[in-house]
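Visitor: Hi! Could you walk me through this one while I have it open?
Guide: Happy to, let's bring it up.

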Amino acid sequence: MKKNRFKFCFDLLIAITFSLLFAPAITSVAFHEIASILLAVALIIHLFLNKDWIIGMSKKILSKRIRGKALLSYLLNITLLLDMLFIMVSGLLISEVIFPNFRYFTSINWLALHIILSILGLLIVGIHLGLHWQWIKQIGSQYPKLKKLFSFRKPSRIKILRILLLIGTIFLFVQIFKLTVVSMELVSGPSLGAEKSAGTEGHENLFSVNILGILPVFTIYSCLLGSIAFYTNLIEKRVMNKKHTRTS
């Protein structure tokens, strides 16, 4: 039980850090790069904490004894791991603080590729949360203070959650639109691999943190992840209900 609580808090910290990485202009490029490296270490720890599940599922994959949600979850985790790996590689190739001279294959638009992979990672993390929503609710319910925080009546909890869902849905479409635009830029646009990222010119801007902007950014991306998780969980419930109807 203690291990599950630790995993819950650790994964929550990963999700918070991940959401803050999407606004380097707010949190500073230095924070973005340093936190990205720490996040990579955290993901390795995350894999270690879940090694029993990974080994067990890998054995079932080889014996072809896995299907449905379990198979989807396994493939999603593999995809997320590869996506994070390529995010790190592309991030190193546009680094401005830690590895400012790390420039290879400059004919490739690494900045556009980095943005595309990051948005895809955001979508996958949201789906991942949705597939594990019951586990999150189960562990979250063991924290009385957290449960009390979401038990308010005025204004209505349902109304607040609907507003948050609306915010997340709007920014989900914004990210999808951004993904489409940047994908077109990757194909036809000029290379940004050897240039500085937009808005990071000037040494002082690399370390400039907008404290007042961090909370809105965190709120927006938390809502975005929450909305993806909500729709994933909703689809899962409908699929399960259809299967139950067919078998009954």
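**Helices and their packing**

Guide: Going along the sequence, the pattern of the chain is α-α-α-α-α-α-α-α-α-α. Keep in mind that this is a predicted model.

Visitor: How many helices and strands are there in the chain?
Guide: The chain has ten helices and zero strands.

Visitor: And what share of the residues is buried?
Guide: Of the 248 residues in the chain, 34% are buried.

Visitor: What about the exposed surface, how much of it comes from carbon and sulfur atoms?
Guide: About 16000 Å² is exposed by the chain, and carbon and sulfur atoms supply 71% of that.

Visitor: Let's turn to contacts. Of those between residues at least 6 apart in sequence, what percentage join residues at least 24 apart?
Guide: For the chain, that figure is 80%.

Visitor: OK, pick a residue for me. Where is Phe8 found?
Guide: Phe8 sits in helix α1, which covers residues 2–20.

Visitor: Is Phe8 buried or exposed?
Guide: Phe8 has a relative accessible area of 12%. The cut-off for buried is under 20%, so Phe8 counts as buried.

Visitor: How far apart are Phe8 and Ile136, in sequence and in space?
Guide: They are separated by 128 residues in sequence, while their C-alpha atoms are 7.4 Å apart in space.

Visitor: Then how do α1 and α7 pack?
Guide: Helix α7 spans residues 133–140, and its axis lies 10 Å from that of α1, at an angle of about 110 degrees. Angles of 65 to 115 degrees count as roughly perpendicular, so α1 is roughly perpendicular to α7. Their crossing is left-handed.

Visitor: Which residues meet there?
Guide: From α1 you have Asn4, Arg5, Lys7 and Phe8, and from α7 Trp135, Ile136, Ile139 and Gly140. By type, the residues of this contact of α1 with α7 are four nonpolar, two polar and two charged.

Visitor: Switching partners: at what angle do the axes of α1 and α3 cross?
Guide: They cross at roughly 155 degrees and come within 10 Å, with α3 covering residues 29–49. Angles over 145 degrees count as roughly antiparallel, so α1 runs roughly antiparallel to α3. The crossing of α1 and α3 is left-handed.

Visitor: Which residues make that contact?
Guide: On the α1 side they include Phe6, Phe10, Ile14 and Phe18, and on the α3 side Phe31, Leu39, Leu43 and Leu49 are among them. The residues of the contact of α1 with α3 split into twelve nonpolar, two polar and three charged.

Notes
Residues numbered from 1 in each chain as written. Predicted model: local features only at pLDDT ≥ 70, side-chain atom pairs only at ≥ 80, totals over all residues. Heavy atoms only, no water. Helix = DSSP H or I, 4+ residues; strand = E, 2+ residues; numbered from the N terminus. Buried < 20%, exposed > 50% of the residue type's maximum accessible area, 1.4 Å probe, protein only. Axes fitted to C-alpha atoms, helices over the stretch in contact; angles between N-to-C directions. Parallel < 35°, antiparallel > 145°, perpendicular 65-115°, else oblique. Left-handed = near helix turned anticlockwise from the far one by under 90°. Contact = heavy atoms within 4.5 Å. Nonpolar A, V, L, I, M, F, W, Y, C, P; charged D, E, K, R; others polar. Areas by Shrake-Rupley, 256 points an atom, 1.4 Å probe, with all protein chains shown as cover.
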